[in-house]
Amino acid sequence: MVQLVQISDRTAGVTPASPAITDAEGLAMARAAVRLFGLWELTDAEACILLGELSPRTYARWKAGDIGRIGRDLKARLSNLMGIHKALRIIFTEPARAYGWVRRPNQAFSGRSALDVMLQGELLDLVRVRRYLDAERGGW
């Protein structure tokens with residue numbers, strides 16, 4: 001059974017429900033992110049930025065398989081990264097093209113790559129890339 005949490009949106013006057021990310025799901029996404037970052041050929045420093053300024057020492061533990069506790073913000077970042085990965089795998093049939101896309105310049109991002117956008121470090125930067133890809137694949 002999926003537990004729902006209420007997220008208040010005062011500006012719109014609505015209270016949408018979204019499923020809470022469990023600790024087990026967070027751990028699975030963290031392990032997947034480490035593998036994904038290898039496929040994207042990220043440096044450890046880049047990975048730490050995408051993970052919300054995770055310390056290099058903590059990321060080294062992640063790579064060794066010792067994930068530890070994952071907070072709500074980090075779960076949201078991981079969820080968006082997994083959404084980006086999913087969208088790319090739907091859009092591109094060749095995995096190498098999907099993994100390489102994050103580094104290629106893109107007019108949608110004023111000639112910058114999606115990675116450049118995401119490396120600005122804010123959660124909203126990850127959301128921006130994910131929404132673009134969801135719209136491109138027709139899932140938005």
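This is a short tour of the structure in your viewer, one selection at a time. Keep in mind that the model is predicted.

**Stop 1: the whole chain**

Show everything as a cartoon and colour it from the N terminus on. You will meet seven helices and two strands, and their order along the chain is β-β-α-α-α-α-α-α-α. Now switch on the surface. The chain exposes about 8,500 Å², and carbon and sulfur atoms supply 52% of that area. Of the 140 residues, 36% count as buried. If you consider the contacts with a separation of 6 or more, residues 24 or more positions apart account for 51% of them.

**Stop 2: helix H4**

Select residues 72–91. This is helix H4, with 20 residues, and it reaches 29 Å from its first C-alpha to its last, close to the 28 Å expected at 1.5 Å a residue. Show its side chains and look for the buried ones, including Leu74, Leu78, Leu81, Met82, Ile84 and Leu88. Charged residues appear on that list too, among them Lys75 and Arg77, which are buried.

Which helices help to cover the buried residues of H4? Add them one by one: H1 (23–39), H2 (44–50), H3 (56–63), H5 (95–101), H6 (114–118) and H7 (123–137) are included in that cover.

**Stop 3: asparagine 80**

Stay on helix H4 and zoom in on asparagine 80. Is this residue buried or exposed? Asparagine 80 counts as buried because its relative accessibility is 11%, which is under the 20% cut-off. A polar atom of its side chain lies 2.9 Å from the backbone oxygen of alanine 76. Beyond its neighbours up to four places away in sequence, asparagine 80 touches Leu123, Leu126, Val127 and Arg130.

**Stop 4: the nonpolar core**

Next, select Phe37, Trp40, Trp62 and Met118. The largest nonpolar core has 37 residues, and these four touch the most other members. Helices H1, H2, H3, H4, H5, H6 and H7 each supply at least two residues of this core. The largest share, seven residues, comes from H4, the helix you have just visited. There is a wider pattern to remember here: in soluble globular proteins, nonpolar side chains tend to be buried together.

Centre the view on methionine 118. Leaving out residues up to four places away in sequence, methionine 118 touches Trp40, Leu50, Leu81, Ile84, Val102, Asp125, Leu126 and Val129.

**Stop 5: valine 129**

From methionine 118, step across to valine 129, which is found in helix H7. Valine 129 counts as buried because its relative accessibility is 0%. Apart from its neighbours within four places in sequence, valine 129 is in contact with Ile84, Trp101, Phe109, Ala114, Val117 and Met118.

**Stop 6: aromatic rings**

Show the rings of Phe, Tyr and Trp. How many aromatic pairs does the count come to? The count is five. Begin with phenylalanine 37 and tryptophan 40, a tilted pair at 6.2 Å centre to centre with 35 degrees between the planes. Phenylalanine 37 is buried at 2% relative accessibility, and tryptophan 40 is buried at 1%. Add Tyr59 to the selection, and you have one aromatic cluster of Phe37, Trp40 and Tyr59.

Now move to tryptophan 101 and tyrosine 132, a stacked pair at 6.3 Å centre to centre, with 10 degrees between the planes. This pair links distant parts of the chain: tryptophan 101 is in helix H5 and tyrosine 132 in helix H7, 31 residues apart. Tryptophan 101 is buried, with a relative accessible area of 10%, whereas tyrosine 132 counts as partly exposed at 23%.

**Stop 7: serine 113**

Finish in the loop between H5 and H6, where serine 113 lies. Serine 113 counts as buried, because its relative accessibility is 5%. What does its side chain reach at 3.5 Å? That partner is the backbone oxygen of valine 102. A polar atom of the serine 113 side chain also lies 3.0 Å from the backbone nitrogen of aspartate 116. Setting aside residues up to four places away in sequence, serine 113 touches Val102, Arg103, Arg104 and Pro105.

Two distances tie this stop to earlier ones. Serine 113 is 8.0 Å from tryptophan 101, C-alpha to C-alpha, with the two 12 residues apart in sequence. Valine 129 is 9.8 Å from serine 113 by C-alpha atoms, and these two are 16 residues apart in sequence.

Definitions and conventions:
Residues are numbered from 1 along each chain as its sequence is written. This is a predicted model: local features need pLDDT of at least 70, side-chain atom pairs count only at pLDDT 80 or more; totals for chains, interfaces and linings use all residues. Side-chain values use heavy atoms; hydrogens and water are left out. Helices (H or I, at least four residues) and strands (E, at least two) are DSSP runs, numbered from the N terminus. The expected span of a helix is 1.5 Å times one less than its number of residues. Buried means under 20% relative accessible area, exposed over 50%, partly exposed in between (1.4 Å probe, protein chains only). Contact means heavy atoms within 4.5 Å. Accessible areas come from the Shrake-Rupley method with a 1.4 Å probe; for residues, only the protein chains shown count as cover. A nonpolar core is a set of buried Ala, Val, Leu, Ile, Met, Phe, Trp, Tyr and Cys residues joined through side-chain atoms within 4.5 Å. A polar contact is a pair of N or O atoms within 3.5 Å; within protein, one must be able to donate a hydrogen and the other to accept it, and residues adjacent in sequence count only if both atoms are side-chain atoms. Rings of Phe, Tyr and Trp (its six-membered ring) pair if their centres lie within 6.5 Å; planes under 30 degrees apart count as stacked, over 60 as edge-to-face and the rest as tilted.
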